[in-house]
Amino acid sequence: MAPSPWAELEFDNIILTVPSEAVRQLEHPNELAALWNDIMKAIADLAAKPHKFPRKERFVADVQISHGWMHAGYPIMAHKASAEGLVSVTHARTKGMWGAIHELGHNQQRGCWEFPSHTTECTCNLWSVYVHEVVFGIKREKAHSAMTLASRNKRVKDYIKGGRKLSSWSVWVALETYMQLQEKFGWDAIKKVFTAYHEMNSFPNDNKGKMNLYAETFSQTVGMNLTGFFKAWGWPIEQATEEKLSSLPAWTDHPMV
């Protein structure tokens, strides 16, 4: 009941700054702490990083922010209306918090496996899907309306009908590429791919070079030649990459066949 207009909640790896009215009904902050600690551990797990962040993430819910409904950065900014969802365990476990995790995912993106502008608003959603399923127990098709099977199938069909052009490969369409990989090889494969990138120290600067490196890295990680799959998505896979992976068994029954 303190009159201060702002409340700050500090947990293991994140600090939430919200209008005080958002926490006045918060009877069990320990439950919220446990939830956010689990969320941040899951974010670190998918990124293949230590659970202890070098610097705690920050969220601020305010009346006026600089871009969109939420935006990534330090701090992550959100409109005041989002504050309630950040501090409600019940809301998180029943409805999720796609937007908040999406922004935390942005803060995990790395230029070496990002292909701007195609994946800028795409790969951050890997964290949204992962946290909803692993922490909240909410399946991907329930976590966001764009993730229903009907929506996913329609996007793929429309992309194929459009000629599999990279100019159309972005946001939800691009996410489908990663979802198909995840559904075949599991989350552990994606974690191992991120681990492999942590161990590299030189990367191409252009999208074509980075996409070939990703195809090679994922293929080596799962012990299967995935060049046919990536080519079916319209990726500019070079002959040299195909030759490097030619000794691995090919993924011939991938979803894009």
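Trainee: How many disulfides does the count come to in this predicted model?

Mentor: The model is predicted, and the rule applied asks for a pair of cysteine sulfur atoms within 2.5 Å. For Cys112 the nearest cysteine sulfur, that of Cys122, is 15 Å away, and for Cys124 the nearest cysteine sulfur, again that of Cys122, is 7.3 Å away. Cys112 and Cys124 are therefore each in no disulfide under that cut-off, and the count for the structure comes to zero.

Trainee: Is Cys124 buried or exposed?

Mentor: A residue counts as buried when its relative accessible area is under 20%. The relative accessible area of Cys124 is 0%, and Cys112, at 7%, also falls under the cut-off. Cys124 is therefore classed as buried.

Trainee: Where is Thr123 placed, and which residues does Thr123 touch?

Mentor: Thr123 belongs to the loop between helix 4 (98-106) and helix 5 (125-136), and its relative accessibility of 1% makes it count as buried. Once residues up to four places away in sequence are set aside, the residues that Thr123 touches are Gln109, Trp113, Glu114 and Tyr178.

Trainee: Which residue is joined to Pro116 by a cis peptide bond?

Mentor: The omega angle of this bond is about 0 degrees, and the partner of Pro116 is found in the loop between helix 4 and helix 5. A second cis peptide bond, with omega about 5 degrees, joins Tyr74 and Pro75, where Pro75 is placed in the loop between strand 4 (70-71) and strand 5 (76-79). The residue joined to Pro116 is Ser117.

Trainee: Why is helix 4 described as largely enclosed by the rest of the structure?

Mentor: The buried residues in helix 4 are Trp98, Ala100, Ile101, His102, Glu103, Leu104, Gly105 and His106, a list that includes the charged residue Glu103 beside nonpolar ones such as Ile101 and Leu104. Helix 4 is described as largely enclosed because, of its nine residues, the number that are buried is eight.

Trainee: Which helix gives the largest share of the largest nonpolar core?

Mentor: This core has 80 residues, and those with the most contacts inside it are Trp36, Ile39, Phe59, Trp169, Tyr214 and Trp235. The largest share of the core amounts to eleven residues, and they come from helix 1 (residues 29-47).

Trainee: Which residues does Trp36 touch beyond those up to four places away in sequence?

Mentor: Trp36 is among the residues with the most contacts inside the largest nonpolar core. With residues up to four places away in sequence not counted, Trp36 touches Phe11, Ile14, Leu16, Phe59, Leu86, Met97 and Leu104.

Trainee: Which residues does Val18 contact, leaving aside neighbours within four places in sequence?

Mentor: Val18 lies in strand 2 (residues 14-19) and is buried, its relative accessible area being 0%. The C-alpha atoms of Val18 and Pro5 are separated by 8.8 Å, the two residues being 13 apart along the chain. With those neighbours left aside, Val18 is in contact with Pro5, Trp6, Ala7, Val23, Ala61, Ala83 and Val87.

Trainee: What separates the C-alpha atoms of Ala22 and Lys184?

Mentor: Ala22 is placed in the loop between strand 2 and helix 1, and it is buried, with a relative accessible area of 18%. Ala22 touches Ala83 and Val87, residues up to four places away in sequence not being counted. Ala22 and Lys184 are 162 residues apart along the chain, and their C-alpha atoms are separated by 41 Å.

Trainee: What is the phi of Arg164?

Mentor: Arg164 is found in the loop between helix 7 (149-161) and helix 8 (171-185), and it is partly exposed, with a relative accessible area of 28%. Ala48, in the loop between helix 1 and strand 3 (57-62), is another residue other than glycine with a positive phi, near 60 degrees. For Arg164, also not a glycine, phi is positive and about 50 degrees.

Trainee: What volume does the largest cavity have?

Mentor: The structure holds one cavity of 30 Å³ or more, lined by Ala47, Lys49, Gln108, Arg110, Trp113, Trp127, Phe194 and His198. These lining residues divide into four nonpolar, two polar and two charged. The volume of the largest cavity is about 40 Å³.

Definitions and conventions:
Residues numbered from 1 in each chain as written. Predicted model: local features only at pLDDT ≥ 70, side-chain atom pairs only at ≥ 80, totals over all residues. Heavy atoms only, no water. Helix = DSSP H or I, 4+ residues; strand = E, 2+ residues; numbered from the N terminus. Buried < 20%, exposed > 50% of the residue type's maximum accessible area, 1.4 Å probe, protein only. Contact = heavy atoms within 4.5 Å. Core = buried A, V, L, I, M, F, W, Y, C linked by side-chain atoms within 4.5 Å. 1 Å grid on protein atoms, 1.4 Å probe; cavity = no way out; pocket = protein on both sides within 12 Å on 5 of 7 lines; lining within 4 Å. Points joined across faces, edges and corners; volume = space filled by probe spheres on them.
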